[in-house]
Amino acid sequence: MSILTSSFVIFVSVLLIIYYVLPQKLRWIVLLLGSIVFYFLSSRWLLLYTLFATVVIFVIGLMLNKYNEDIKNVNEISEKEKIKKKKKRLVFIAVFSTVLCIVFTKYLSFLLESVNGFTSFFQFTLFKSIPKVVVPLGISYYTLEAISYIVDIYRAKIEGEKNPFKVALFLLYFPKIIEGPISRFKELSICFYEENKFAFRNIFIGLDLIIYGLFKKMVIADRAGIFVNSIFSSDAHGITVFMAMLLYVVQIYAEFSGCIDIVRGVSSLFAVKLLNNFKRPFFSKSIQEFWQRWHISLGAWIKEYVFFPVSLSKMNAHVCQFCKKHFSNYWFKFVSIAFPLFFVWIFNGIWHGASFKYILYGMYYYVFMMLGVLFKPLSDKILAKMHLNQAVLNVWRIFRTVILVIVGMTLFRASSILEFGSMIGNLFSKGNGILGHGLVSLDFLLLLLSNVFILVVGILEEKKKFSVDEGFTKNPVVRGLVYSVLISMIVIFGIYGEGYDASNFIYGAF
């Protein structure tokens, strides 16, 4: 069931009525049953896989609870160390089994094809047929949340939930299962069980986010996608290629942030606040800042469960010790950052998809981020001598970052590394214009004006003059006017109707 269908509107409306009719202490059960129904309608019997995995996570959580209690009650250091070793083994089993499930469902075909590619050098094929495994809905988001739940219990940051149905609700909560945001148990449990009272403010904020998200998705993203789809995998050149690269960045941002706005809006209707995954990323002055503003929940997860563990690992300690002994302090500091970030960006790339291009995608941002760190002292000296106006300098840094992101997102969109290389090569040859590829002049004008509107909203939010999260306005007349304009734009200029595939979300494939 797509969130852009009338079926979803009916589903949410019915669920919302039941939710607020029942007593507050029973409302989380409504959300659980609704999430199970939504998952079944979207993925049918793959729901059983997710429920089985949820039971495993729940049981291991309880076992870790017991070990945490045992450590508190034991005084002997040797006994505490034995229990800690048991905890580590249990966490390893939980994480390994969870990762194994996603490897089997999402990465098996890629791994077998890679093996065949290697054995082809020796004139034979190891796997004659590659099985096509159906990927469960939201498996990438579900997996990261399950790992965070287990690791947080291991670290004694939270107590393992004793009710298996509440663990199921955390992992299956229907608004976030499609494209995130990646959530933490401690944050959501408060909303599910303590702050789910009815308030008109939540309803209005929810409607604001839903309408704004639909505008971004249906008016901007899907319109830009028409041009992008016609150029990628084609033999376009010059300005045509650059426009496709630019519009893909527009498309993926409008679609991903639009979908997040919709699901956060739906969740707000139920008085459950989800994390905002975007914070005006195209105002970033560096690649590092861009990824602090883009897909925020993924970045926060990777920082907590990849970067910190690698930084504190014995392996990193040995590497840093070696660098400190054999190199200058400057290189020691550089390696202490570069080493753990290498694993961060490898993970980021692999999480996005089962292909070598995604690994290269992660390495692309890693290389430019490390170059920024490496040459920062030199660039700071040069800029200090140039005495540039700060505003001019900021504009240059934003422009530079956007160009790097456009190239990176082109790699993300290309069907292969070869297609990416071909497009970059074709970029420097003469093109044949931008018209005649599914869009007319009016479409480009509409895209321009719509993006100017998004830009103005972003500037106001950046200057803290306004926040979509707090609602467009408290004035009912102004709110009604904004609703009327955005809904009219969606109805008149939205891309929908015959042939429109509402379920085809870019990040929904993960």
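Below, a trainee and a mentor talk through how features of this predicted model are named and judged.

Trainee: What should I keep in mind about how this model is treated?

Mentor: Residues are numbered from 1 along each chain as its sequence is written, and side-chain values use heavy atoms, with hydrogens and water left out. As this is a predicted model, local features need pLDDT of at least 70 and side-chain atom pairs count only at pLDDT 80 or more, while totals for chains, interfaces and linings use all residues.

Trainee: Good. What makes the pair Glu79 and Lys82 a salt bridge?

Mentor: The term asks for a side-chain nitrogen of Lys or Arg within 4 Å of a carboxyl oxygen of Asp or Glu. In Glu79 and Lys82 the closest N and O atoms are 3.7 Å apart, so the pair meets the definition. The two residues are three apart in helix α4, and therefore separated by about one helical turn.

Trainee: How do you know where α4 begins and ends?

Mentor: Helices are DSSP runs of H or I with at least four residues, strands are runs of E with at least two, and both are numbered from the N terminus. Helix α4 covers 77-119.

Trainee: Why is Glu79 called partly exposed?

Mentor: Buried means under 20% relative accessible area, exposed means over 50%, and partly exposed is in between, using a 1.4 Å probe and protein chains only. Glu79 has 32%, so "partly exposed" is the right label.

Trainee: And Asp152 with Arg184, what is the N to O value there?

Mentor: Their side chains meet in a salt bridge at 3.3 Å. This pair links distant parts of the chain, with Asp152 in helix α5 and Arg184 in the loop between α6 (164-172) and α7 (185-193), 32 residues apart. Asp152 has 5% relative accessibility and so counts as buried, whereas Arg184, at 22%, is partly exposed.

Trainee: Which helices does the salt bridge of Lys217 and Glu255 link?

Mentor: Lys217 is in helix α8 and Glu255 in helix α9, 38 residues apart. The closest N and O atoms are 3.0 Å apart, and both residues are buried. Elsewhere, salt bridges that share partners join Arg280, Glu289, Arg293, Glu461 and Glu462 into one network. The structure holds 17 salt bridges.

Trainee: Now the open spaces. What makes something a pocket rather than a cavity?

Mentor: Both are found on a 1 Å grid over the protein atoms alone: a cavity is a set of points where a 1.4 Å probe fits but cannot get out, while a pocket is an open set with protein on both sides within 12 Å along at least five of seven lines. Lining residues have an atom within 4 Å of a point. The largest pocket has 43 of them, with Tyr253, Phe282, Asn451, Ile454 and Leu455 nearest its centre. Two or more lining residues come from each of α8 (200-231), α9 (238-269), α16 (390-413) and α18 (441-462), and α9 gives the largest share, 12 residues.

Trainee: How do you know how much space lies in the largest pocket?

Mentor: Grid points are joined across faces, edges and corners, and the volume is the space filled by probe spheres set on the points. That gives about 1,200 Å³ for the largest pocket, and about 930 Å³ for the second largest.

Trainee: Which residues lie nearest the centre of the second largest pocket?

Mentor: Val95, Trp301, Tyr305, Val306 and Phe347, out of 29 lining residues. Helix α4 gives the most to that lining, with nine residues.

Trainee: Why is α11 said to bend at Lys303?

Mentor: The bend at a residue is the angle between axes fitted to the seven residues ending there and the seven starting there. At Lys303 that angle is about 40°. Among the buried residues of α11 are Trp301, Ile302 and Glu304.

Trainee: Last one: what makes Ala271 and His295 stand out in their phi values?

Mentor: Neither is a glycine, and phi is positive in each: about 65° in Ala271 and near 45° in His295. Ala271 lies in the loop between α9 and α10 (287-293), and His295 in the loop between α10 and α11. Ala271 has 9% relative accessibility and therefore counts as buried; His295, at 1%, is buried too.
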